[in-house]
Amino acid sequence: MAVYNIVGAGQVQLLYLCTLLNESSIASGAETQDVRLFAWSEIPWSELAFPTVEHALRFAIQHLEHPTFAPQTLTKMPDGSFM
């Protein structure tokens with residue numbers, strides 16, 4: 001769904017869009033404090049940990065009715081801006 005180049009962190013993030021087959025399989029891992037599912041209208045935007053997650057979710061919302069689309073590509077610069 002998205003490819004983000006995070007210049008300041010030396011990271012490339014790949015985000016995928018998929019269908020969840022079993023809600024009971026959702027669990028937090030070693031680097032995650034909490035995992036919950038939200039309706040699109042209930043996403044707590046101000047509580048998201050990373051700007052790239054917000055970009056990916058907003059991109060997904062825009063393409064819900066068109067399941068075939070090219071991945072979004074963004075570069076996050078050291079000053080926090082996205083290109």
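This briefing covers the fold, surface, charged pairs and selected residues of one protein chain. The model is predicted. The chain has 83 residues, and 16% of them count as buried. Its secondary structure comes to 1 helix and 3 strands. The structure holds 2 salt bridges and 0 aromatic pairs.

**Overall fold**

- Read from the N terminus, the elements follow the order β-β-α-β.
- Strand 2 covers residues 11–15.
- Helix 1 covers 51–62, and strand 3 covers 72–76.
- The C-alpha trace spans about 40 × 35 × 20 Å along its principal axes.
- Take the contacts between residues at least 6 apart in sequence: 42% of these join residues at least 24 apart.

**Surface**

- The chain has an accessible surface of about 6,500 Å². Carbon and sulfur atoms account for 54% of that surface.
- Val3, Val12, Leu14 and Tyr16 make a nonpolar surface patch of about 430 Å².
- One of the patch residues, Val12, sits in strand 2.
- Val12 counts as exposed because its relative accessibility is 57%, and the cut-off for exposed is over 50%.

**Charged pair in helix 1**

- Side chains of opposite charge can pair when their charged atoms come close.
- Arg58 and Glu54 form a salt bridge. Their closest N and O atoms are 2.8 Å apart.
- Both residues, Arg58 and Glu54, lie in helix 1. They are 4 residues apart, which is about one turn of the helix.
- Arg58 is partly exposed, at 38% relative accessibility.
- Glu54 is also partly exposed, with a relative accessible area of 28%.
- Arg58 has another partner, Trp45: the charged end of Arg58 sits over the Trp45 ring. The distance to the ring centre is 3.9 Å.

**Charged pair Arg36 and Asp34**

- Arg36 forms a salt bridge with Asp34. The closest N and O atoms of this pair are 2.8 Å apart.
- Arg36 is exposed, at 51% relative accessible area.
- Asp34 is partly exposed, at 47% relative accessibility.
- The labels of Arg36 and Asp34 differ because exposed means over 50% relative accessible area: Arg36 has 51%, and Asp34 has 47%.

**Pro71, ahead of strand 3**

- Pro71 lies in the loop between helix 1 and strand 3.
- Its relative accessibility is 48%, so Pro71 counts as partly exposed.
- Leaving aside residues up to four places away in sequence, Pro71 touches Met1, Ala2 and Phe59.
- Pro71 and Leu15 are 56 residues apart in sequence. In space, their C-alpha atoms are 9.1 Å apart.

**Cys18, after strand 2**

- Cys18 is found in the loop between strand 2 and helix 1.
- Cys18 counts as exposed, with a relative accessibility of 66%.
- Cys18 and Met1 are 17 residues apart along the chain. Their C-alpha atoms are separated by 9.2 Å.
- Met1 also appears among the residues that Pro71 touches.

Conventions. Residues numbered from 1 in each chain as written. Predicted model: local features only at pLDDT ≥ 70, side-chain atom pairs only at ≥ 80, totals over all residues. Heavy atoms only, no water. Helix = DSSP H or I, 4+ residues; strand = E, 2+ residues; numbered from the N terminus. Buried < 20%, exposed > 50% of the residue type's maximum accessible area, 1.4 Å probe, protein only. Contact = heavy atoms within 4.5 Å. Areas by Shrake-Rupley, 256 points an atom, 1.4 Å probe, with all protein chains shown as cover. Patch = residues over 30% accessible without salt bridge, like charges linked within 9 Å, V, L, I, M, F, W, Y side chains within 5 Å. Salt bridge = Lys/Arg side-chain N within 4 Å of Asp/Glu carboxyl O. Phe/Tyr/Trp six-rings, centres within 6.5 Å; stacked < 30°, edge-to-face > 60°. Lys NZ or Arg CZ within 6 Å of the ring centre and 35° of its normal.
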